[in-house]
Amino acid sequence: QLYDLMTMAFKYQVLLCPRPKDILLVTFNHLDTIKEFIRDAPAILNQVDETCRQLIETYGSLSPGEFQLIRQTLLVFFQDMHIRVSIFLKDKVQNSNGRFVLPISGPVPWGTEVPGLIRIFNHKGDEVKRTEFTTDANYVAPQREGSFDLYGDRVLKLGTNMYSVSRPVETHMSGSSKNPASHAKENLVPNPLAKEELNFLARLLGGLEVKKPAGSEAGFRLNLFTTDEEEEHAALTRPEELSYKVINIEATQEPGCRAELSRILGELEVAEPRPGSGAKGEELLEMLDAL
C-alpha cells in the first residue's frame with residue numbers, strides 16, 4: 001500500500017508539472033524534505049547535498065526536449081497504474097476509476113504568457129494584427145521561476161507534503177466533467193454483485209425478510225462512513241440514479257436463526273491439542289491425515 005501511494009503521488013506530480021523541466025524542481029522538493037529530517041546529522045546531510053550537486057551537474061544543462069523525453073518516459077511507466085488514493089479522492093483530484101482530474105486553471109509555465117491574445121505577423125516578422133479571445137479558465141502568470149540551486153525557493157509546491165492542511169488543491173474540471181451527474185456516471189457502472197453479497201451476508205446471519213420492529217428499537221445499521229454527517233453529505237451529493245435501497249438484516253428474533261448460527265459456530269470450534277501427543281512433526285502429519 002505504501003508503494004502504491006508513493007507511485008500514484010509521484011505520477012500526479014509528474015502530470016501536473018507546468019513544464020517538463022519542473023520535474024527537477026519536484027525532485028529538489030523531495031530532497032529538501034529529506035534535509036529537514038536529517039538536519040541534525042551533518043554527515044548524512046553532506047551526502048544529500050552531494051546528491052543535489054550531481055543532479056544539478058547532470059540535468060541542469062539539459063534542453064527542454066530532453067526533459068520532455070524524461071517526462072514522457074515516466075508517464076509511459078505509470079500509464080497503466082490507476083490505484084485509488086483516499087486523499088486524492090477526497091480532494092476530488094482523482095476519479096473513482098483511479099484517473100486524475102487535471103486542472104484547467106492556475107499558473108502557466110514559466111516563460112509563457114497567459115492565454116487570451118493572438119498575434120499575427122507578416123512575412124518580414126513584423127506584427128500586423130492582434131486579436132483577443134476569452135478563456136473558460138482562470139490563468140495567472142507565475143511571479144518568479146523556482147530555484148535550481150543547491151538551496152533556494154523552489155516556488156513549485158509539487159513534491160512537498162501532500163498531507164499538509166494548507167496545501168492548495170486545484171479541482172477545476174473541463175468539458176462535461178463540470179456536470180456532477182455526468183461525472184458520476186463516467187465509468188461507474190453499478191456492480192450487480194454488490195447487492196447479492198449483502199443478501200448472502202443476510203442469509204449467513206440468519207434471515208433476510210424483516211418487519212419493522214415495534215417500539216423505539218432502531219435495529220442494527222451498517223455505516224460505511226466515519227460519521228453520520230459524512231453519510232448524510234454523501235447521500236445529498238450522490239446522484240439519484242446511483243442510489244440503492246436499504247437492505248435490513250435480522251438475526252436475533254427467530255429461534256431457527258439462532259440455531260443456525262450456533263451450528264455455524266460449532267463448526268468453527270477446534271479441539272485443543274492433547275498434551276504429550278508427540279513431536280510437532282507428528283502433530284503436523286496427523287493434521288494432514290485429518291484433511
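Among contacts in the protein chain between residues at least 6 apart in sequence, what percentage join residues at least 24 apart? I would like to begin there, and the answer is 64%. Please keep in mind throughout that what we are looking at is a predicted model, and that the values I quote are computed from it.

Let me first describe the chain as a whole. The protein chain has 291 residues, and buried residues make up 21% of them. There are ten helices and four strands, and if you read from the N terminus onward, the order of the elements is α-α-α-α-α-β-β-β-β-α-α-α-α-α. The accessible surface of the protein chain comes to about 22,000 Å², and 57% of that surface belongs to carbon and sulfur atoms.

Now let us turn to helix α1, which covers residues 2-16. Here we can do a small check together: the helix has 15 residues, and at 1.5 Å a residue it should span 21 Å, so we can compare this with the model, where its end C-alpha atoms are 21 Å apart, which agrees. Within α1, the buried residues are Thr7, Met8, Ala9, Lys11, Tyr12, Gln13 and Val14. Which helices do the buried residues of α1 pack against? They pack against α2 (22-37), α4 (64-78) and α5 (86-90).

One residue of that helix, Lys11, deserves a closer look. Lys11 has a relative accessibility of 7%, and it counts as buried because the cut-off for that word is under 20%. If we set aside its neighbours within four places in sequence, Lys11 is in contact with Phe78, Gln79, Met81, His82 and Phe100. Take Phe78 from that group: Lys11 and Phe78 are 67 residues apart in sequence, and yet their C-alpha atoms are 6.5 Å apart in space.

A second lysine to consider is Lys35, which lies in helix α2. Is Lys35 buried or exposed? Its relative accessibility is 6%, and so Lys35 counts as buried. Not counting residues up to four places away in sequence, Lys35 touches Leu45, Val48, Asp49, Cys52, Leu150 and Tyr151.

Cys52, which we have just met among those contacts, is itself buried, at 1% relative accessibility. Another cysteine, Cys17, is buried as well, with a relative accessible area of 7%. In general, a disulfide is a covalent bond between the sulfur atoms of two cysteines. How many disulfides does a search of the whole structure find? The search finds zero.

Let me move on to charged pairs. As a general point, side chains of opposite charge can pair when their charged atoms come close. A search of the whole structure finds eleven salt bridges, and I will walk you through some of them.

One of these joins Asp22 and Arg19, with the closest N and O atoms 3.0 Å apart. Asp22 is buried, at a relative accessible area of 5%, and Arg19 also counts as buried, at 16% relative accessibility.

Glu127 gives us a second setting, since this residue is partly exposed, with a relative accessible area of 35%. The side chain of Glu127 meets that of Arg119 in a salt bridge, at 3.9 Å from N to O, and Arg119 counts as partly exposed, at 33% relative accessibility. Glu127 also meets Arg130 in a salt bridge, at 2.3 Å from N to O, and Arg130 is exposed, with a relative accessible area of 51%. Elsewhere, salt bridges that share partners join Asp32, Lys35, Asp49 and Arg154 into one network, and you will recognise Lys35 here as the buried lysine of helix α2.

Finally, let us look at the surface. Which residues form a nonpolar patch there? They are Ile118, Ile120, Val128 and Phe133, and together they have about 340 Å² of accessible area. Ile118 lies in strand β2, which runs over residues 117-121. With a relative accessible area of 41%, Ile118 is partly exposed, and because a patch is made of residues with over 30% relative accessible area, that value is high enough for a place in it.

Methods:
Residues numbered from 1 in each chain as written. Predicted model: local features only at pLDDT ≥ 70, side-chain atom pairs only at ≥ 80, totals over all residues. Heavy atoms only, no water. Patch = residues over 30% accessible without salt bridge, like charges linked within 9 Å, V, L, I, M, F, W, Y side chains within 5 Å. Areas by Shrake-Rupley, 256 points an atom, 1.4 Å probe, with all protein chains shown as cover. Salt bridge = Lys/Arg side-chain N within 4 Å of Asp/Glu carboxyl O. Helix = DSSP H or I, 4+ residues; strand = E, 2+ residues; numbered from the N terminus. Buried < 20%, exposed > 50% of the residue type's maximum accessible area, 1.4 Å probe, protein only. Disulfide = S-S within 2.5 Å. Expected span 1.5 Å × (residues − 1). Contact = heavy atoms within 4.5 Å.
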